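Reader: I would like a careful, connected account of one part of this model, beginning with a single charged side chain and working outwards from there. Please state the criteria behind each term as you go.

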Amino acid sequence: MGDLTDRSRASDDRVLTVVPRRESDITVVFRKVDGDDDDDDADDDDERAAERIHLQSDCRAPRSHDAEEAVKKKGSAKPPDGSGRRALCPRAITVCFRHERAEEPASLGGSAPAEDPEKKKKFPGLGLIYGLLSTVFFSVIALLVKTIQGVHAIEISAIRCFFQVLFVAPLIIYHKTGFLGPRNKRVYLVLRGFLGSNAMILLFYAVQQMPLADATVIMFSNPVFTSLLAWIFLKEKCSIWDCVFTVFTITGVILIARPPFLFGERFQGIEGNYTNHIKGTIAAFLGAVGAACTFVVLRKMGKSVHYYLSVWYYAVIGLLECIIVLSVLGEWSIPLCGRDRWILMLIAVLGIAGQIFLTKALQIEKAGPVALMRTVDVVLAFIFQFIFFNHAPTWWSLGGALCVVVSTSGVALRKWFSSTRKS
């Protein structure tokens with residue numbers, strides 16, 4: 001398999017040059033020869049076993065200790081007759097020793113070793129599809145909350161948290177993560193559960209008090225507040241663009257709220273009275289800030305806490321909080337209509353599915369493209385509002401939605417480009 005050239009016949013230590021004919025495998029044959037080149041020993045060459053070493057061009061495995069000892073012994077041992085014969089051991093060749101396989105290489109008459117099959121590439125847009133599915137599920141949840149009549153937003157949240165507890169508890173037992181989590185992370189887990197559950201309650205309340213699209217747009221502004229809060233608490237970098245996007249977001253919220261001291265007393269396109277509209281606006285704004293705080297807490301915890309444990313705290317603390325508040329307010333009211341009961345169960349199931357798909361999307365795809373896919377939520381909210389409630393949006397609402405979407409998309413694109421540049 002290779003040509004061996006004796007560079008120096010006069011010296012005992014000889015250098016061999018191996019010229020491979022194939023890059024896949026090289027067989028080097030060493031034969032013991034007499035240092036004086038006597039003719040008497042020529043007949044004994046056939047009786048001596050040839051030392052064969054298989055070389056592989058792409059082998060990176062380190063030489064084993066046993067193989068090294070064997071080579072040293074063979075290279076330094078002298079024949080028993082003391083004739084001074086030496087084994088030819090080149091110094092310029094790095095040998096990769098392998099365990100013998102059952103099949104011989106193709107060059108020796110056997111079949112060629114099969115190459116490892118390449119890993120199948122995942123579908124390139126799978127993460128974006130997961131993000132789109134989560135967006136659709138969350139939009140349908142907001143629509144279902146809007147259609148339920150006579151059930152308080154806190155009770156809807158309690159039912160969703162209850163089903164979430166039933167779903168997550170077996171997963172925690174299966175994965176053996178424990179129900180309390182690491183001791184040094186429990187404060188963050190409690191804070192995550194409290195902030196996340198309050199953000200959900202405020203969103204449901206806002207949807208009930210104001211037009212669906214307006215509440216969705218305001219809640220959609222949470223990525224902008226996440227950047228500011230991360231700059232304050234996590235000491236992350238805050239550029240001039242973050243300030244510009246924040247101004248755009250606040251402008252969009254003002255256009256949607258339309259306060260009387262700026263827009264006068266004529267309220268067009270407002271659902272119900274203006275007092276409920278302001279209540280819904282404040283609830284949606286506080287919900288967006290609460291969701292941003294939740295994301296900051298999750299960043300602080302990092303990947304040291306299992307995802308199911310984070311959802312577990314979110315569901316348990318939210319359920320306890322809702323039960324306490326409902327008991328104080330006396331707002332317990334089980335829907336008499338079977339349709340509303342099925343809608344409540346569907347809200348819980350879609351909430352779990354939406355969180356699962358969102359988590360899978362963030363595991364496969366970068367956060368920037370996933371955040372851009374969430375802009376579909378705003379579009380779906382306007383479509384649902386027009387189709388199911390026959391409520392056409394005003395130009396003020398559309399202008400506010402445009403400001404919020406532009407600012408949120410700008411934050412996502414900036415982070416996407418910065419992460420791509422680093423990678």
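What is the relative accessible area of Arg414, and which class of exposure does that value give?

Author: The model is a predicted one, in which local features need pLDDT of at least 70 and side-chain atom pairs count only at pLDDT 80 or more, whereas totals for chains, interfaces and linings use all residues. Residues are numbered from 1 along each chain as its sequence is written, and side-chain values use heavy atoms, with hydrogens and water left out.

Arg414 has a relative accessible area of 27% and is therefore partly exposed (buried is under 20%, exposed over 50%, and partly exposed in between, with a 1.4 Å probe and protein chains only). The partner of Arg414 is Asp242, with which Arg414 forms a salt bridge whose closest N and O atoms are 2.9 Å apart (a side-chain nitrogen of Lys or Arg within 4 Å of a carboxyl oxygen of Asp or Glu). Because Arg414 lies in helix H14 and Asp242 in helix H7, this pair ties together parts of the chain that are 172 residues apart in sequence (helices are DSSP runs of H or I with at least four residues, numbered from the N terminus). Asp242 itself, at 3% relative accessibility, counts as buried, so that a partly exposed Arg414 is paired with a buried carboxylate side chain.

The two helices that carry this pair also come together in another feature, since H7 (240-257) and H14 (395-422) each supply at least two residues of a nonpolar surface patch. That patch covers about 590 Å² and is made by Ile240, Trp241, Val244, Phe248, Leu402 and Val406 (patch residues have over 30% relative accessible area and no salt bridge, and nonpolar side chains are joined within 5 Å; the areas come from the Shrake-Rupley method with a 1.4 Å probe). H7 gives the largest share of the patch, four residues, and Trp241 is found in H7.

The pair of Arg414 and Asp242 belongs to a set of three salt bridges held by the structure. Another of them joins the side chains of Arg299 and Glu236, with an N to O distance of 2.9 Å. This pair, too, links distant parts of the chain, for Arg299 is in helix H9 (residues 274-301) and Glu236 is in the loop between helix H6 (222-233) and H7, 63 residues away. Both partners are partly exposed, Arg299 with a relative accessible area of 36% and Glu236 with 31%.

A further salt bridge pairs Arg339 with Asp340, the closest N and O atoms being 3.3 Å apart. Arg339, with a relative accessible area of 48%, is partly exposed, while Asp340 counts as buried at 10%.

H6, which borders the loop that holds Glu236, deserves a last look. Pro223 lies in H6 and is partly exposed, with a relative accessible area of 22%. The C-alpha atoms of Pro223 and Ala292 are separated by 6.5 Å, although the two residues are 69 residues apart along the chain.

To return to the starting point, Arg414 in H14 is linked to Asp242 in H7, and these helices both contribute to the nonpolar patch.

Note on methods: Patches are made of residues with over 30% relative accessible area and no salt bridge: like charges are joined within 9 Å, nonpolar side chains (Val, Leu, Ile, Met, Phe, Trp, Tyr) within 5 Å.
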